[in-house]
Amino acid sequence: RFSGNFPDDHSSSRAMEIFRDTLAERTDGDLSAQLFPNMQLGGASENVDQVSSGSIAGTWVGIAFLSRTVPELEALSLPFAFADREDAFALIDGDFGELLDEKLAEKGFVALGYMELGFRHVTNNERPIETIEDLNGLRIRLQPNQTHLDTFRAIGASPISMDISEVYGALQQGVLDGQENPYSIISTRRLDEVQGHLSDTGHFYDFIVVVANRNTFNRLSEEKQQVVREAMAEAVAWQRQTAAEEDEAARATLIERGMQFTPISDETRAALREASQGVVEQLRDRIGNEVVDQVLEELTS
Amino acid sequence: MTSAWHQLEAHASSPVKRHFLHGLVLLDRTSYYAILVAMGMMTLLVSAQVFTRYVLSSSIDSADELSRLFFVWAIFLAIPHGIKVGIHVGIDALVSHLSEGLQQRLAQLMALFGAAMMAWLFWISLGAVVSKWQELMPTLPITAAVFYIAVLVCAGHSCLHLMAQAMRLEPLPSAPTHRGGLPS
Amino acid sequence: MTPAIVFTFLSFALLRMPLAFALGLASLVGLYVGGMDFSILPQRMMHSVNSFPLMAIPLFMLAGELMVAGGVLQRLVDFANSLIGRIHGGLAHVAIVAGMVLAAVSGAAVASASALGSSLVPSMRQQYGTGYSSAVVASAANLGAIIPPSNAMIVYALMAGSSVSVGGLFMAGVVPGIILAVGFMGLASFIAMRRRYPLGTESRIGLKHVLVQTWRALPILLMPIVVVGGIVGGAFTPTEGAAIAVVYALLIGFFVTRKLRISDLPKAMFNAAVTAAMVGALIAFASTMTFAFTLDLIPMQLSQWVQNFTQDPLVFLLLVMVLLIGVGMFIESNAAYIMLVPLLAPIALAYGIDPLLFGFLFVMNLVVGMMTPPVGVLLFVMCGISKISLNELMKSAWPFIVFQYVVLFACIAFPGIVTWLPRALGY
Ligand code: NA
Ligand code: NA
């Protein structure tokens, strides 16, 4: 049994369906995965609890919800760190990914694969984001994550953490000026109805991790474990490609539906990265120099 | 001995029962003050969040999470008091046809089942607290298990009250009598 | 797991075990039979209560308690009496009008019920009896989820995906909401006349008297404008609005009526917490049952069963409505949206049913379900506030429930009631 908080039609949920079908096919129905997307079994942090206690075999979930258990995952939230998604995948499929797998294993999880949640971009109702000053004082909703909040404070915005279920109403009523999410989420949550300006800040890149309970997974024979990993690898490959296509399509849709799109210039991006350096230092304090250095090193090589 | 001890003489005949009730009184009193703190902090945090947003144009990072924490605590701490004053909802369509004595017996039996369920829940929650102990909350350096401790406390406290009901012991009011008077 | 859960729950519930505990026991038995890890119970309990929107419940209850302690109610009652005390069922109309006003600012029926209930039932019960007063308040509160804004509609739209827009669904609720409110008032007058309820204490209506009472009640009448206006105007979210209501009630109590004392606060906070805890306990214990049903694929089987039944959209729609009436009886509404909307909304789309119409009917059906026994959040709230039994409440509530279902089916017969306004606004 796998639980997820993404809607049925999200690329990650469809990738899990591919995983399920492949798995059933390759094991002649010996192994079957039941999927419960769309928060059917509770929200993201609850899903993580369920996998941790073994009541559910696995979950596909935004990586932020595991960073409470494995702080090293926060190194992936370095602001303005990734130039493109290839960079991000190279990092997660490389040595750093292996380190994360070990850390997750220590906490009783097996990481089966990393999918794309996507680059996060700022939308708002006040003005187009042309320079770093345009972010000044904007009340922007963020996920309840210290690094995210600190980053936005560092670049001059007023970060507000709020449950996603309240965001639509809060934006509509003007409680918030803006929010930040991947294009696909902005589009499926219909936030374009309550937001005028769209940008491509790409301040964070988010992964979806598929984790299983380690004990549940280890009870499978070596052979079956291998089949599970292979089936997941196929699903992940499909998802990464589909997510990239949908990301582009979602951006086009948002513009088509009337949002004003303002790309971030290179200077502005450099200014933003510069302004958020302090956050990198704080992250070093929190999760250790080694991990942060490793990420920065692997990104530049 | 506290003043509650003397009032208890009217409520329980044997010393053992009186000790049990006395312990329950002290627990109720502690929980009563904890509820006041939780409710107060919750209200304060939510209104402060509005205030800081407008007046200071900023936001308290942990306000959302902390207010939810106090909310969860307020609810789970208050459930045992709800049991005590008997404001829980049930279906009495069938039972109301029985004789008064039989209804009483049945209520005691149900309280006993309830107590057993709460004891079970207490045991399970203990496991949840232990396994969650290492994990921290996203914006605060506190263990994430504090949420589950609320469930644990609720289960234990409720179990004691349901046991009291099964033994037909009437606990004293939660609020100190010299201050706010009797609650509800 | 499902049969074990249903059997255990029904057995204990019929033996007059408190529903929350019957749900808890049934969940434990279900987990045992299903060979599931017991840790699911505390997990579900904690996570289902750990929600920011839910926090509006104790806050609105606290505001109500403070208004009672601050002597605010008497002024409101005096005002209402001076104005419509000569109309049959006067205070019931006050409750319905207040419910409509509250509905226009709050998204949650439960929060409306706690605010209205704790501020109006104490005075209403003196004139009309507790059962009838609670039934009127519960019905008035039901408007909260139908007249925009509505949390239920937001949840529905999120679950249904891109075929339904939140704004469109909001607008769909306006006309039916007004019809319901007017209908409730008519029903209240009718019942008041039949039962010969007292007309109120005013001998006749005098302009000067009305003005005096209005002036005295002004700070209280402004409260919904500040709180509701703040929420609608975008100053704060509903939960924050509830906290503002608490602050506002404190200010009125201390400085306007000057009847509130510091020593009143502990009692108000404690009572609000205990009342909210009753709702919290039900939500917490019911959540595991929902979880088990989901694992057993009960919602999916239900929807397949419906689909096998018919190819006619109207028959399908009626079947869904009947199904939801049943679901609304037993399952907490948020759980029902989460389980059923993703399954049924795409089928409805495939049948060619207007997504806004289907969405609205779905929401309204489950909103009425919050008032139907044995599991009805609004009933629980009202029982908690009024301290009456479910039976006693149901004796007065059923005409209001039947009326709401009549309006529901009228919306199916004349879909324009629902779709006209959103279509006119371009949704
Ligand atoms: Na509303
Ligand atoms: Na119901």
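Let's start with H203(A), which sits in the loop between strand 9 (197-199) and strand 10 (205-213) of chain A. Keep in mind that this is a predicted model. Is H203(A) buried or exposed? With a relative accessible area of 1%, H203(A) is buried, because buried means anything under 20%. Its side chain makes a polar contact with the side chain of T201(A), at 3.0 Å. If you skip the neighbours within four places in sequence, H203(A) still touches a whole list of residues: L78(A), P79(A), F80(A), R120(A), H121(A), V122(A), F152(A) and E180(A).

## Salt bridges

R120(A) was one of the contacts of H203(A), and it turns up again here. Side chains of opposite charge can pair when their charged atoms come close. How many salt bridges are there over all chains? The count comes to 24. Here are some of them, with the distance between N and O atoms.

| Acidic partner | Basic partner | N to O distance |
|---|---|---|
| D206(A) | R120(A) | 2.9 Å |
| D200(A) | R269(A) | 3.9 Å |
| D28(B) | K84(B) | 2.9 Å |

Take the pair D206(A) and R120(A), with its closest N and O atoms 2.9 Å apart. D206(A) lies in strand 10 of chain A, while R120(A) is in the loop between strand 4 (109-119) and strand 5 (121-124), so the pair ties together parts that are 86 residues apart in sequence. Both of these partners, D206(A) and R120(A), are buried.

Next comes D200(A) with R269(A), where the closest N and O atoms are 3.9 Å apart. This pair also links distant parts of the chain, 69 residues apart: D200(A) is in the loop between strand 9 and strand 10 of chain A, and R269(A) is in helix 10 (residues 266-275) of chain A. That loop is where you met H203(A). Why does D200(A) count as buried? Its relative accessible area is 19%, and the cut-off is under 20%, so D200(A) falls on the buried side.

Now hop over to chain B, where the side chains of D28(B) and K84(B) meet in a salt bridge at 2.9 Å, N to O. D28(B) belongs to helix 2 of chain B and K84(B) to helix 3 of chain B, so this pair ties together parts that are 56 residues apart in sequence. D28(B) and K84(B) are both buried. Back in chain A, salt bridges with shared partners join R26(A), E230(A) and E234(A) into one network.

## A closed space

The structure holds 11 cavities of 30 Å³ or more. Let's pick the second largest cavity, with about 100 Å³ of space. Which residues line it? From chain A there are I160(A), S161(A) and M162(A). Chain B brings L45(B), V46(B), Q49(B), R53(B), A63(B), D64(B) and S67(B), and chain C adds F52(C) and E240(C).

Strand 7 (158-161) of chain A, helix 2 (15-54) of chain B and helix 3 (63-85) of chain B each supply at least two residues of this lining. Helix 2 of chain B gives the largest share, four residues. That helix is also home to D28(B) from the salt bridge with K84(B). Sorted by class, the lining of this cavity has six nonpolar, three polar and three charged residues.

## An open space

Now for the second largest pocket, which has about 960 Å³ of space. It is lined by 41 residues, and those nearest its centre are R68(A), T69(A), Q134(B), E135(B) and L136(B). Several elements supply at least two lining residues each. In chain A they are helix 2 (44-53), helix 8 (214-218) and helix 11 (277-287), and in chain B they are helix 4 (100-132), strand 1 (136-137) and strand 2 (140-143). Which element gives the most to this lining? Helix 4 of chain B does, with seven residues. By class, the lining of the pocket divides into 17 nonpolar, 16 polar and eight charged residues.

## Chains B and C

Zooming out, chain B has five helices and two strands. From the N terminus on, its elements run α-α-α-α-β-β-α. Of the 184 residues in chain B, 54% are buried. Among contacts in chain B between residues at least 6 apart in sequence, 68% join residues at least 24 apart.

Chain C comes to 21 helices and zero strands. Buried residues make up 65% of its 427 residues. For chain C, 78% of the contacts between residues at least 6 apart in sequence join residues at least 24 apart.

Technical notes:
Residues are numbered from 1 along each chain as its sequence is written. Chains are lettered from A and ligands numbered from 1 in the order in which they are written. This is a predicted model: local features need pLDDT of at least 70, side-chain atom pairs count only at pLDDT 80 or more; totals for chains, interfaces and linings use all residues. Side-chain values use heavy atoms; hydrogens and water are left out. On a 1 Å grid over the protein atoms alone, a cavity is a set of points where a 1.4 Å probe fits but cannot get out, and a pocket is an open set with protein on both sides within 12 Å along at least five of seven lines; lining residues have an atom within 4 Å of a point. Grid points are joined across faces, edges and corners, and a volume is the space filled by probe spheres set on the points. Ala, Val, Leu, Ile, Met, Phe, Trp, Tyr, Cys and Pro count as nonpolar, Asp, Glu, Lys and Arg as charged, and the others, Gly among them, as polar. Buried means under 20% relative accessible area, exposed over 50%, partly exposed in between (1.4 Å probe, protein chains only). A polar contact is a pair of N or O atoms within 3.5 Å; within protein, one must be able to donate a hydrogen and the other to accept it, and residues adjacent in sequence count only if both atoms are side-chain atoms. Contact means heavy atoms within 4.5 Å. A salt bridge is a side-chain nitrogen of Lys or Arg within 4 Å of a carboxyl oxygen of Asp or Glu.
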